[in-house]
Amino acid sequence: MPEVNKKKRGMFLNIMILTLVLGDIQIPYYLWINPDALNALYSNLPSWYPLYAVFGLILSIAIIIGVWRMKRWAAYVLALYFASKLPSEVFVFSPTQQMMVFATTVVGAGLWFWAIYRKWELFD
C-alpha cells in the first residue's frame, strides 16, 4: 500500500493563520461599523484608505486560504503583501505612527517567514 504523505501545518503555523483571521475581523469593523474609532486614532487618513484596506483584506483572505491549503503561491503573495505594505503606509501614517507600524510589520513578516520556512517542503 502506498504511503500517504499527510501535510501537517503544525501549531505555530496554525496560530499564525488564526492571528491573521482575527486581525482581518477588525478591518470591516473599523471601516463600516465604527469608523470614528479609526479616525480618532489616525486623524490624517487619506480618502483612498478604505479601498486600500479592502484590497488588503482580499489579499489576506487569499493568503489564509492558500497557507491553510499549504500552497506556495500563498507564501509568495504574503511576501509581496509585506513588501508593498511598508512603502504604501509611509503615505498613510504620520512619522510618529510609522515607527510602530514599521516595527509590527517587520516582526510580523519575520514570524510568518519562520512559520512557513519550517514547513516549506510540505508546500506545493
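**A predicted five-helix chain**

Among contacts in the protein chain between residues at least 6 apart in sequence, 72% join residues at least 24 apart. The structure shown here is a predicted model, and this proportion of contacts offers a starting point for reading its fold. The protein chain contains five helices and zero strands, and its elements follow one another along the sequence in the pattern α-α-α-α-α. Taken along the principal axes, the C-alpha atoms occupy a box of roughly 65 × 25 × 20 Å. The protein chain has 124 residues, of which 33% count as buried. Its accessible surface amounts to about 8400 Å², and carbon and sulfur atoms account for 71% of that area.

The account may begin with helix H1, which covers residues 11–33 and includes Asp24. Asp24 is buried yet takes part in no salt bridge. The nearest side chain of opposite charge is that of Lys85, at a distance of 8.6 Å. A salt bridge requires a side-chain nitrogen of Lys or Arg within 4 Å of a carboxyl oxygen of Asp or Glu. Once neighbours within four places in sequence are set aside, the residues in contact with Asp24 are Leu57, Ser60, Ile61 and Ile64. One of these partners, Ser60, belongs to helix H3. Ser60 has a relative accessible area of 4% and is therefore buried. Under the same exclusion of sequence neighbours within four places, Ser60 is in contact with Leu20 and Asp24.

Helix H1 also holds Ile15. With a relative accessibility of 43%, Ile15 counts as partly exposed. The C-alpha atoms of Ile15 and Ala115 are separated by 9.4 Å, although the two residues lie 100 residues apart along the chain.

Next along the chain comes helix H2, residues 35–41, in which Leu38 is found. Leu38 counts as buried because its relative accessibility is 13%, and the cut-off for buried is under 20%. Not counting residues up to four places away in sequence, Leu38 touches Tyr30, Leu31, Leu45 and Tyr49. Tyr52 is 14 residues from Leu38 in sequence, and the C-alpha atoms of this pair are 14 Å apart in space.

The loop between H3 and H4 deserves separate attention, and Met70 lies within it. The phi angle of Met70 is near 60°, a positive value in a residue other than glycine. Most residues other than glycine have a negative phi. Met70 is also buried, with a relative accessible area of 1%.

Charge is the next topic. The protein chain carries 10 positive and 6 negative side chains, and the centres of these two sets lie 9 Å apart. Side chains of opposite charge can pair when their charged atoms come close. How many salt bridges are counted in this model? The count comes to one, and the side chains that meet in it are those of Asp124 and Lys71, with a distance of 3.0 Å from N to O. Asp124 lies in the segment after H5, whereas Lys71 is in the loop between helix H3 (49–68) and helix H4 (72–90), so the salt bridge ties together parts that are 53 residues apart in sequence. Asp124 is partly exposed, at 47% relative accessibility, and Lys71 is likewise partly exposed, at 23%. A second distance also relates Asp124 to an earlier part of the chain: the C-alpha atoms of Asp124 and Val67 are 10 Å apart in space, while the two residues are 57 residues apart in sequence.

The last helix, H5, spans residues 95–119 and contains Trp114. Trp114 counts as partly exposed, with a relative accessibility of 46%. Together with Val107, Leu111, Phe113 and Tyr117, Trp114 makes a nonpolar surface patch of about 580 Å². Membership of such a patch requires over 30% relative accessible area, a cut-off that the 46% of Trp114 satisfies.

Two acidic residues may be set side by side in closing. Asp24, in helix H1, is buried and has no salt bridge. Asp124, in the segment after H5, is partly exposed and meets Lys71 in a salt bridge.

Key: Residues numbered from 1 in each chain as written. Predicted model: local features only at pLDDT ≥ 70, side-chain atom pairs only at ≥ 80, totals over all residues. Heavy atoms only, no water. Helix = DSSP H or I, 4+ residues; strand = E, 2+ residues; numbered from the N terminus. Buried < 20%, exposed > 50% of the residue type's maximum accessible area, 1.4 Å probe, protein only. Contact = heavy atoms within 4.5 Å. Areas by Shrake-Rupley, 256 points an atom, 1.4 Å probe, with all protein chains shown as cover. Lys, Arg positive; Asp, Glu negative; His and termini not counted. Charge placed at Lys NZ, Arg CZ, Asp CG, Glu CD. Patch = residues over 30% accessible without salt bridge, like charges linked within 9 Å, V, L, I, M, F, W, Y side chains within 5 Å.
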